[in-house]
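Here are my notes on the model you sent over. Have a look at it first, then go through the points.

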Amino acid sequence: MSSTLTVADRRRAALERLHAPDAAPRGAVDRRRAALRRPVPQVKRAVERAPRERETLGPPPGTYYAIAGVVTVLVMLGLVMVLSASAVTEANLGHSPYRVFGKQAMWAAFGLVGLVMVARVPYRSWRRMVIPLGLLSAAAMAAPFAPGIGASVNGAHSWVRVGPLSVQPSEFLKLAVVVLAAELLTRRRDQLTDRRGTLLPIGLLAMFGAGLCLAQGDLGSAVVLGAIVFSVAWFAGVPVTPLAVMVVSAAGAALLFVVSSPRRLDRFTAFMNVSGEKDHLAYQTYQGFLSMASGGITGSGIGGSKGKLGYLPYAHSDFIFAVIADELGMVGTIAVIGGFIMLVGLGVQTALATSDRFGMLLAGGLAAWFGVQAIVNLGGVTGLMPVTGLTLPFFSAGGSSLFVSMIAAGLLLSVARRVNSTPA
Amino acid sequence: MVGIIVRVGFLQTTEAGSLRSAGTDQWTRSIELPGQRGTVFDRHGNELAMSVPAVTVSINPKLIDNGPATVQMLDDLLGLPDDKVNELLADIERKDRGFVFVKRQADAAVGDQISAMRLAGVNVDRESRREMPGGETGRSVIGTTNIDGVGISGLELQYDGMLAGTGGEMRREVAPNGRSIPGSETVTQQPVSGNDLVLTLDRSIQYSTEQVLLEKVSEIGARGATAIVVDTDTGEVYSMASVRQNDESGAYEVTSGNYAAVDAYEPGSVAKVITISSALSDGLVTPETSYLVPWRKQYYDDLLTDSHQHPDEWMSVAQILTESSNIGTIMVQQEMGRARHRDYMAAFGLGEKTALDFPGESTGILKKAKDLWGSERVTVAYGQGVASTSLQLVAAINTIANDGVYVAPKLVKSTVGPDGEITDTPPSASHRVVSEQAALQTTEMMRNVVCNGTATRAKVEGISIAGKTGTAYKAADNGTYFDENGDRIYYASFVGFFPADDPQVTVLVSVDEPPASTTDRFGGTAAAPVFAELVPTLIHELGIAPNPGAPTCDAG
């Protein structure tokens with residue numbers, strides 16, 4: 001029976017279970033309405049006072065191992081593909097063929113350390129860091145505009161260069177927004193329809209985060225941020241009407257952003273006419289098509305892609321999927337997309353299974369992040385959506401993207417590890 | 001996510017075909033691999049013309065970042081002219097062209113150096129360069145190839161189909177900057193080398209012939225000269241040289257055109273050999289037959305004269321040839337009639353291209369007897385009113401040396417296939433023209449020409465030589481025999497063969513426009529000494545030993 005339930009049904013059930021101690025088990029809607037009028041200060045206080053005591057954890061659940069396995073496979077495959085996709089162009093530039101790969105491997109090592117640390121630390125301790133986290137990441141978003149360290153890539157003013165390192169602060173902002181939204185909606189568990197207390201702050205969070213990304217000219221990240229906030233809100237049980245308002249206004253803002261610049265509009269609409277614009281606006285997409293087509297069912301083999309020789313721009317970062325499809329064929333594409341589907345599924349499962357509201361919202365937001373970012377990237381590469389310059393998590397070359405993705409995976413693991421532990 | 005899988009699935013299967021071929025077109029280039037052009041050897045296997053590896057250096061201005069540095073580097077290695085440097089810099093600045101030649105036919109070693117630097121936008125492509133290891137020796141005959149290695153003149157043109165290899169094809173994968181991906185080159189079709197040509201030319205003789213001509217023409221100030229040395233028995237051409245004063249620089253040089261086969265001129269007195277040997281062959285006259293010869297006589301519209309004034313005297317046929325009497329030769333010609341004489345000239349090979357069929361070869365002019373006009377009808381007896389190339393003329397006179405048998409001249413001795421297989425060309429066609437006796441009698445007369453006649457300067461100590469001079473009036477471009485100053489224009493020639501008792505080689509030397517006002521204008525003074533200078537070289541190179549007891553001038 002339970003297998004036929006939709007995610008929405010299961011979410012409702014999970015919410016009911018979480019609120020069982022203080023809500024009449026009469027049905028989710030009734031219970032939620034009732035909860036609105038009944039503040040639960042003691043829970044809040046209990047959370048704030050969460051003692052720093054040694055956890056006692058049982059054996060990790062299967063989802064924990066599954067997430068770890070999927071993330072490991074994605075990162076390892078990503079490293080191989082980054083090497084394959086970047087070696088020739090780097091060598092042609094007179095660099096070491098391993099230059100990009102070396103950086104990526106270094107970030108993967110940092111990411112691994114971060115992942116393990118974050119996974120070991122109880123995720124609830126992040127609640128105490130929401131305010132500094134939010135302020136820091138918002139401040140970091142201004143850094144690309146600072147003279148000397150800011151850098152613009154393809155019209156997106158979203159990079160900070162410090163010495164040999166290039167960092168995209170928007171990646172860290174995504175992490176911060178997940179935590180912030182989860183924290184906010186955990187606190188406001190019982191005032192979910194309160195306009196001033198809940199809906200306005202959550203709306204502002206989305207607006208502010210996405211607005212910062214748009215200010216950098218980075219539509220892709222803005223979409224992901226919006227999607228994160230939306231998902232967290234949905235998991236939290238925010239009613240349909242405010243969610244719909246949020247979606248409509250976000251779409252409106254995005255549309256306005258695109259239409260406001262003719263160049264942006266041209267590039268945005270180019271995906272609808274790839275073969276017509278193949279030499280100009282849709283050059284990258286068209287070259288991606290050529291690479292993917294060249295792969296066929298079984299692929300041209302690792303190292304066999306021709307597009308990465310320089311025809312396909314950003315073959316090792318934004319368009320790495322095209323190289324994967326080329327070299328590993330349909331087998332590789334199904335593995336990659338399947339990996340993301342599994343990861344998102346495991347994230348959602350974790351969210352629904354967890355015994356703690358913050359953990360649930362965190363896991364839900366993280367799953368949405370991975371899923372939406374993968375869809376926006378893959379949609380762009382496959383010509384189903386406009387190309388936004390968003391990376392493919394775990395795969396694309398780019399230190400901050402890989403590092404933050406792995407931290408996020410660590411956070412998800414931390415939740416998955418503790419699905420059955422009661423809030424301290 | 002599912003939508004994306006479906007989309008990728010379509011891209012990789014049903015839509016893949018056209019995209020894949022578009023991709024292949026984009027990143028593969030096919031390059032024609034030229035088949036190595038065959039080598040041209042002389043008869044002893046010395047290379048006269050050969051292809052050596054070279055490179056074409058070109059740039060794609062759109063891909064060059066640091067224009068000045070790149071051009072500076074190319075200039076250092078290739079030594080470019082200043083205007084080329086400026087042109088390249090301008091092209092890189094504008095970036096409106098995708099391909100600009102920097103240098104063609106550059107040294108392969110320099111090309112390798114440039115390739116090794118792997119500069120973006122700089123391409124080095126292999127080609128070959130035609131080189132003549134012997135310098136310009138024989139270039140009039142061998143001819144030239146264009147910059148793409150296709151024969152455009154001379155033997156290079158005539159035998160282009162044989163020399164040229166069959167091109168192969170190589171496919172390679174290229175990066176967007178046009179640089180090929182190492183290891184991606186696959187030869188889809190192997191090129192096949194062309195055939196080598198082994199010529200009948202002898203490089204030493206060819207060189208000597210050119211040098212003595214250059215010396216002579218620059219010494220006397222003639223316009224140019226040609227000379228041909230053929231093997232008497234086989235018709236094989238040992239050397240065929242053409243030199244001429246360069247109109248612009250005034251320097252004398254070996255010409256690129258083979259004027260010995262291409263230019264026809266009126267042979268003059270040399271043709272008396274044909275008239276007299278024909279009459280002898282027909283038994284109409286003997287060497288002793290005598291005529292009362294005036295120094296001048298009216299024929300048709302013209303009063304024709306001998307070269308010098310003399311009283312009416314009885315002259316034997318032998319004397320007529322030795323003293324080169326025009327009127328006497330006309331009398332001999334009239335014994336056989338114009339038609340018969342014309343048939344003989346044709347049999348001697350006049351009026352028709354030789355078997356060489358050299359590119360641009362002239363047929364000369366041999367009118368039918370009924371088409372001759374006015375005094376032409378008789379002047380053809382002494383070589384005015386008929387035109388021949390040096391090649392035709394040497395083959396004609398060689399008939400006398402070869403006991404009356406015409407043997408077609410020949411330049412290609414054999415061909416060597418790409419597999420090394422040597423194929424000899426068939427022996428030259430030959431046919432009898434005059435009787436052996438007539439040939440021997442004519443030879444004896446010609447020996448006397450050298451000993452006692454007009455060609456004494458062709459004499460060489462220790463070997464008997466038969467020969468005949470010719471001092472022809474050359475038709476100017478204006479259709480008369482006078483230049484714009486009203487001066488005569490001459491064409492001085494000498495044809496000889498030796499040893500007279502057993503001829504081995506026949507040599508024709510022709511000097512074009514020797515100075516009209518000096519005594520150097522005659523065949524005996526301009527051309528015969530060149531012959532004499534060549535003889536020792538020929539004796540040495542061909543190993544010709546004079547027969548002991550052979551008649552010499554002193555004995556005769």
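**Notes on the fold and the cavities**

1. In chain A, residues 24 or more positions apart make up 74% of the contacts with a separation of 6 or more (contact: heavy atoms within 4.5 Å).

2. Bear in mind that this is a predicted model, where local features need pLDDT of at least 70, side-chain atom pairs count only at pLDDT 80 or more, and totals for chains, interfaces and linings use all residues. Residues are numbered from 1 along each chain as written, chains are lettered from A and ligands numbered from 1 in written order, and side-chain values use heavy atoms, leaving out hydrogens and water.

3. Chain A carries 15 helices and three strands (DSSP runs numbered from the N terminus: helices are H or I with at least four residues, strands E with at least two). Of its 424 residues, 51% are buried (under 20% relative accessible area, 1.4 Å probe, protein chains only).

4. Now for the empty space: there are five cavities of 30 Å³ or more in the structure (on a 1 Å grid over the protein atoms alone, sets of points where a 1.4 Å probe fits but cannot get out). The largest has a volume of about 50 Å³, taken as the space filled by probe spheres set on the points, which are joined across faces, edges and corners.

5. Which strand gives the largest share of that cavity's lining? S9(B) does, with three residues. Among the lining residues are Gly224(B), Arg244(B) and Asp512(B) (lining: an atom within 4 Å of a point).

Terms used: Buried < 20%, exposed > 50% of the residue type's maximum accessible area, 1.4 Å probe, protein only. 1 Å grid on protein atoms, 1.4 Å probe; cavity = no way out; pocket = protein on both sides within 12 Å on 5 of 7 lines; lining within 4 Å.
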